[in-house]
Amino acid sequence: MDLDFSKELEATGDKLKAALKARIDSGVSPPNSPVTIMKKGHDLTLRDSWAYRESIEVRVKSDEVEVGVFHPEVAKYVFWNEHGTKRIPARPVFGPVADGPGEQFLDELEEALADKIIDNF
């Protein structure tokens, strides 16, 4: 019997996506420098154009899920902010979500998959 886990994977991907967006919405530290705030006219970190937040996607197949930013130009911006550069301090989003709520989401996924397997055998 070939089981399709896409429903469970999509639910987990959606939870991760929501957690990533919530982290961005919270204003990731450190704050922008006073010069940057003056230049941009606001102090919102990672929310200049909202492209980062709005580019987070969930891609699901029957046996895998990917959550990320797949647009090449936005992905560069995400990478630079996740890890920092010489001029931009690190403002990680993916790492803290993976290490925090992501762990719980994976535990929940494991339980859902185990339940589905047991129910079908």
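This section describes the salt bridges, a charged surface patch and selected loop residues of a predicted model.

Eight salt bridges are found in a search of the whole structure. One of them pairs K15 with E108, whose closest N and O atoms lie 2.6 Å apart. Because K15 belongs to helix α1 and E108 to helix α6, this pair ties together parts that are 93 residues apart in sequence. Both partners are classed as partly exposed: K15 has a relative accessibility of 34%, and E108 has a relative accessible area of 29%.

Further salt bridges include the pair formed by K40 and D48, with a distance of 3.7 Å between the closest N and O atoms. Here K40 is partly exposed at 35% relative accessibility, and D48 is likewise partly exposed, at 41%. Another salt bridge joins E57 to R59, the closest N and O atoms being separated by 3.6 Å. E57 counts as partly exposed, with 32% relative accessibility, and R59 falls into the partly exposed class with a relative accessible area of 38%. In addition to these pairs, a network of salt bridges links K21, D25, R53 and E54.

Charged residues also define a feature of the surface. D99, E103, D107, E110, E111, D115 and D119 form a negative surface patch. The most is given to this patch by helix α6, which spans residues 101-119 and provides six residues. Among the members of the patch, E110 is located in helix α6. With a relative accessible area of 57%, E110 is exposed, since the exposed class begins over 50%. Helix α6 thus carries E110 of the negative patch as well as E108, the partner of K15.

The loop between α1 (6-25) and α2 (34-40) contains N32. This residue is buried, because its relative accessibility is 10% and the buried class covers values under 20%. Two contacts of the N32 side chain were identified. In one, the side chain of N32 reaches the backbone oxygen of L44 at 3.4 Å. In the other, the side chain of N32 makes a polar contact with the side chain of R91, also at 3.4 Å. The loop between α1 and α2 further holds P30. The peptide bond leading from S29 to P30 is cis, and its omega is near 0 degrees.

Backbone geometry was also examined in the loop between α2 and α3 (51-54), where L46 is found. Although L46 is not a glycine, its phi is positive, at about 65 degrees. L46 is buried, with a relative accessible area of 6%. The loop between α2 and α3 is also the place of W50. W50 likewise has a positive phi in a residue other than glycine, with a value near 70 degrees. At 34% relative accessibility, W50 counts as partly exposed, whereas L46 is buried.

Taken by region, the loop between α1 and α2 holds the buried N32 and P30, which follows the cis peptide bond from S29. The loop between α2 and α3 holds L46 and W50, with positive phi values of about 65 degrees for L46 and near 70 degrees for W50.

How values were computed
Residues are numbered from 1 along each chain as its sequence is written. This is a predicted model: local features need pLDDT of at least 70, side-chain atom pairs count only at pLDDT 80 or more; totals for chains, interfaces and linings use all residues. Side-chain values use heavy atoms; hydrogens and water are left out. Patches are made of residues with over 30% relative accessible area and no salt bridge: like charges are joined within 9 Å, nonpolar side chains (Val, Leu, Ile, Met, Phe, Trp, Tyr) within 5 Å. Accessible areas come from the Shrake-Rupley method with a 1.4 Å probe; for residues, only the protein chains shown count as cover. A salt bridge is a side-chain nitrogen of Lys or Arg within 4 Å of a carboxyl oxygen of Asp or Glu. Lys and Arg count as positive and Asp and Glu as negative; His and the chain ends are not counted. The place of a charge is taken as NZ of Lys, CZ of Arg, CG of Asp or CD of Glu. Helices (H or I, at least four residues) and strands (E, at least two) are DSSP runs, numbered from the N terminus. Buried means under 20% relative accessible area, exposed over 50%, partly exposed in between (1.4 Å probe, protein chains only). A polar contact is a pair of N or O atoms within 3.5 Å; within protein, one must be able to donate a hydrogen and the other to accept it, and residues adjacent in sequence count only if both atoms are side-chain atoms.
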